[in-house]
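I opened this notebook page to record what I looked up, beginning with burial and moving on to rings, charges and helix packing.

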Amino acid sequence: MFIETQITIRNNPNLYRYLRENSYWYKYLNRSPSYLKEVEKEMKSHYKLTPTDKIEKISDRLDMINSIMSVFT
């Protein structure tokens, strides 16, 4: 695996953890560092770090706050 790819993986704790849990990606990364984008994309969807997941999380929190406020009124 290329040094640049290894540095990128080590600098991103979520990516590093994802690769430890899903080691089959090492095979692809050893073949070509271009797979790194796919691994990052997969990692973000797995850990729900995509923008849509974040918006949904905020929406859920707002709904919870709204329900709590409705109980007090």
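**Notebook: rings and helix packing**

I looked up Tyr47 and found that this residue is buried, with a relative accessible area of 19% (buried is under 20%, exposed over 50%, partly exposed in between, with a 1.4 Å probe and protein chains only). I note that this is a predicted model, in which local features need pLDDT of at least 70 and side-chain atom pairs count only at pLDDT 80 or more, while totals for chains, interfaces and linings use all residues. Residues are numbered from 1 along each chain as its sequence is written, and side-chain values use heavy atoms, with hydrogens and water left out.

I then checked the partner ring: Tyr18 and Tyr47 form an edge-to-face aromatic pair, at 6.1 Å centre to centre and 80° between the planes (ring centres of Phe, Tyr and Trp, the last by its six-membered ring, lie within 6.5 Å; planes under 30 degrees apart are stacked, over 60 edge-to-face, the rest tilted). Tyr18 is buried, with a relative accessible area of 2%.

I also looked at Arg17, whose charged end sits over the ring of Tyr47, 4.3 Å from its centre (NZ of Lys or CZ of Arg within 6 Å of the ring centre and within 35 degrees of the ring normal). Arg17 is partly exposed, with a relative accessible area of 39%. I recorded Lys27 over the face of Tyr28 as well, at 5.4 Å from the ring centre.

Finally, I noted one aromatic cluster, formed by Tyr24, Trp25, Tyr28 and Tyr35.
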